[in-house]
Amino acid sequence: QRGGYKNRRSSCYRGDRERSGPVAGTRSNMPKPHRGCTFAILVACMTFASAYGAMPTGYLHLDYCVIGAGPGGLQIAYFLQQSQRHYLVFERNNISGSFFVNYPRHRKLISINKRYTGKQNKEFNLRHDWNALLSHDDNLLYKHFSEDFFPHADTMLHYLKNYTDRFDLKVQYNTAITWIEAEKDPAAWNGHYFFLTDQNDNRYRCSVLLVATGISLPNRPNFPGSEHVEGYETISVDPDDFVGQTVLILGRGNSAFETADNIVGVTNFIHMLSRSRVRLAWATHYVGDLRAVNNAMLDTYQLKSLDGLLERDLENIAIIQDNKGKLHLRLRYQFDAIKASEGGSSNGTDQRLLYEEIDNFSVREPYDRVIRCLGWKFDFSIFNNVTKPQGGRGHKYPLVKATYESESLPGMFIVGTASHSVDFRKSAGGFIHGFRYTARAVHRLLEYRNHGVSWPATILPITHLTNMIIKRVNEASGFYQMFSVLTDIVLLRKDANEFEYLEEYPIGALAQLQENTGRNVTDGLFVINLEYGCNFSSPESDVFHLGRSVGEPKHAWLSNFLHPVIYYYKHLPTETEMMYRPKFWTLPRPHKIHHVVEDFLTNWTAAKAHILPLRRFLENCLGTDLRSFFAEACFTFALTNQHVPPSCHHGYLKKQGLLYDESPWLRSVEAGHS
């Protein structure tokens with residue numbers, strides 16, 4: 001473990017540390033250094049230094065530090081810039097999005113760029129633009145940068161440079177953050193500051209740390225003979241280098257199939273080995289699983305063209321190189337057994353394994369090359385013991401809360417690809433078309449927590465509720481892409497005569513809604529979510545079976561494809577209710593629930609199938625009539641009923657109702673049509 005900053009001296013201060021000169025935009029209420037330390041304070045300071053690292057003495061202070069100028073870092077920087085916050089983005093390379101200089105290796109992105117949808121609505125069209133970052137400039141939609149459905153990776157580099165320049169985002173290039181510490185301080189927003197050190201030993205103090213470094217370390221399994229394996233990150237992309245060769249690929253994701261597709265036409269045959277079966281994106285509805293654009297080798301396997309797929313845990317294999325340089329795949333237990341029989345010596349183990357193979361062993365033919373295509377994982381090495389996030393998903397991603405804040409340290413948020421632990425193999429949070437929305441959610445949380453700016457909300461009369469929900473489920477991109485992760489919330493106000501509409505709130509943090517948004521829940525709430533059918537998304541699912549869809553509203557609860565589900569709660573669910581919700585449920589059991597029947601066009605605008613059942617559900621929950629009435633009808637209601645519909649309150653009684661006009665009917669009578 002590193003010992004902290006170089007050439008540091010322990011010193012005692014009250015609250016803040018001395019800075020190396022003033023910084024524009026920082027808080028001005030910084031306490032003076034305390035010059036006289038008592039013995040007790042000295043002991044306390046030494047304890048601090050032991051747990052949190054030595055105390056830095058010179059640094060640049062920032063309210064927000066963003067590490068990484070990839071798509072995730074630039075997206076959160078855009079929101080910080082628009083709200084005029086004091087921030088800086090640290091990028092270790094000399095360009096934005098440096099990941100795309102080398103990856104994907106074969107230069108084709110698998111995020112779609114659908115330029116034409118038949119609609120002009122920008123929000124709707126973002127559902128099918130998986131590469132653009134969010135902004136107020138329509139010139140930064142990706143259709144202006146590439147005409148390809150699956151764009152070339154170089155276009156992403158060009159796009160991110162334009163995005164950075166267009167908004168003059170504050171990015172400090174050629175700055176590699178090599179160490180991150182935290183120091184307690186009661187004056188800090190979260191009770192501590194983050195201290196960052198770069199490769200030149202420059203120091204930065206941050207009130208909030210936003211980590212957008214992505215997942216950059218290749219997964220490297222440890223097994224006998226792994227030194228003979230070539231990595232995806234360095235393997236040649238020229239098919240001519242594989243002519244007439246026999247290749248074993250370790251892995252079964254998009255990078256593995258991307259590599260196989262590149263060389264399948266020139267190799268003798270390709271075998272692919274992984275611990276689990278192929279997960280096809282069109283079966284799991286998870287964009288990170290194998291996409292059709294990469295899976296040509298499935299044809300050559302199933303249509304008997306020599307290539308093949310096998311399953312075995314990679315920790316249980318061994319690779320043996322013979323004296324001709326050929327590579328042989330063997331089982332780990334054989335290797336260990338022979339090695340043990342020889343007293344732990346491995347000198348003759350390899351040769352014995354070559355000749356003691358199992359009869360009819362599936363992979364008895366040797367390989368010319370073995371290629372590792374096993375994906376990436378998060379780099380935890382830049383954190384000290386206090387700041388280091390907990391590892392989740394087999395240490396592939398850092399573990400974060402539903403709000404994308406570190407589980408172990410308040411004030412540190414993970415944005416971009418690395419935030420995917422929240423919805424891994426579920427939604428799109430590991431990809432641009434997902435994390436652009438989760439970054440916006442993080443920014444809204446920070447705006448309220450640190451600056452008192454409540455979560456944006458639209459306040460409307462209750463009679464507009466049906467139309468508002470229909471509009472959002474048909475147009476909104478954020479909770480369409482981040483289904484069952486981000487959700488729209490309707491808060492009822494004034495005895496359910498008005499409502500507040502909050503967009504794209506993290507569904508897993510529903511119990512903390514009030515403290516995260518500044519919005520009060522007094523008269524109940526609706527949660528609008530998009531969901532697939534409960535048994536329709538898995539590697540084993542037959543997503544093409546004949547009865548895969550329903551069309552009648554009465555069968556809406558059996559819908560399989562993505563469809564709106566509206567939950568009604570009389571009170572905000574508690575943390576306990578969220579924790580003990582039914583298995584596989586996104587939310588606790590509601591007081592009432594409504595499924596809007598799935599639609600082949602994902603266009604929920606049918607008057608009888610979609611809108612009418614929804615309106616009646618809302619009326620049933622609210623105990624009122626949400627229809628709009630003419631003034632004459634409202635007058636009758638007022639004379640004959642104790643309660644009048646809300647539209648009459650908002651219209652007729654305020655002299656703003658619809659006035660009945662007899663002139664068209666009279667003209668019809670005069671013309672003899674009645």
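How many bridges join S8 to strand S14, and in which direction do the two run? In this predicted model, strand S14 covers residues 369–372, and 2 bridges join S8 to S14, with the two strands running parallel. One of the residues involved is Gly 231, whose bridge partner in S14 is Arg 372.

This pair belongs to an open sheet of 5 strands. Read across the sheet, the order is S8-S14-S9-S10-S11, and the pairing is parallel. Strand S8 (230–231) and strand S11 (308–311) each have a single partner strand and stand at the edges, so one side of each is left without a neighbour in the sheet. Helix H6, residues 254–263, packs on this sheet. H6 touches strand S9 (246–250), strand S10 (269–274), S11 and S14. The direction of H6 makes about 175° with that of S10.

Further along the chain numbering there is another open sheet, formed by 6 strands in the order S19-S21-S20-S22-S23-S24. Here the pairing is antiparallel. The edges are taken by strand S19 (457–461) and strand S24 (592–595), each of which pairs on one side only. From one strand to the next, the twist averages 20°.

Within this sheet, strand S20 (residues 486–493) and strand S21 (residues 498–506) run antiparallel and are joined by 7 bridges. Among the residues concerned, Ile 489 has Leu 502 of S21 as its bridge partner. Two helices can be followed from here. Helix H11 (residues 432–451) packs on the sheet and touches S20 and S21, and its direction makes about 120° with that of S21. Helix H16 (residues 607–622) also packs on the sheet, where it touches S20, strand S22 (525–531), strand S23 (563–569) and S24. The direction of H16 makes about 175° with that of S24.

H16 has a helix partner as well. Two packed helices are described by the angle between their axes and the distance between the axes. For helix H12 (residues 465–475) and H16, the angle is about 130° and the axes are 10 Å apart. That angle is why H12 counts as oblique to H16. The crossing in which H12 passes H16 is right-handed.

Which residues make the contact between H12 and H16? From H12 come Leu 465, Thr 466, Ile 469 and Ile 470. H16 contributes Ile 611, Leu 614, Arg 615, Leu 618 and Leu 622. Sorted by class, the contact of H12 with H16 has 7 nonpolar, 1 polar and 1 charged residues.

Notes:
Residues numbered from 1 in each chain as written. Predicted model: local features only at pLDDT ≥ 70, side-chain atom pairs only at ≥ 80, totals over all residues. Heavy atoms only, no water. Pairing = 2+ DSSP bridges. Helix = DSSP H or I, 4+ residues; strand = E, 2+ residues; numbered from the N terminus. Contact = heavy atoms within 4.5 Å. Axes fitted to C-alpha atoms, helices over the stretch in contact; angles between N-to-C directions. Parallel < 35°, antiparallel > 145°, perpendicular 65-115°, else oblique. Left-handed = near helix turned anticlockwise from the far one by under 90°. Nonpolar A, V, L, I, M, F, W, Y, C, P; charged D, E, K, R; others polar.
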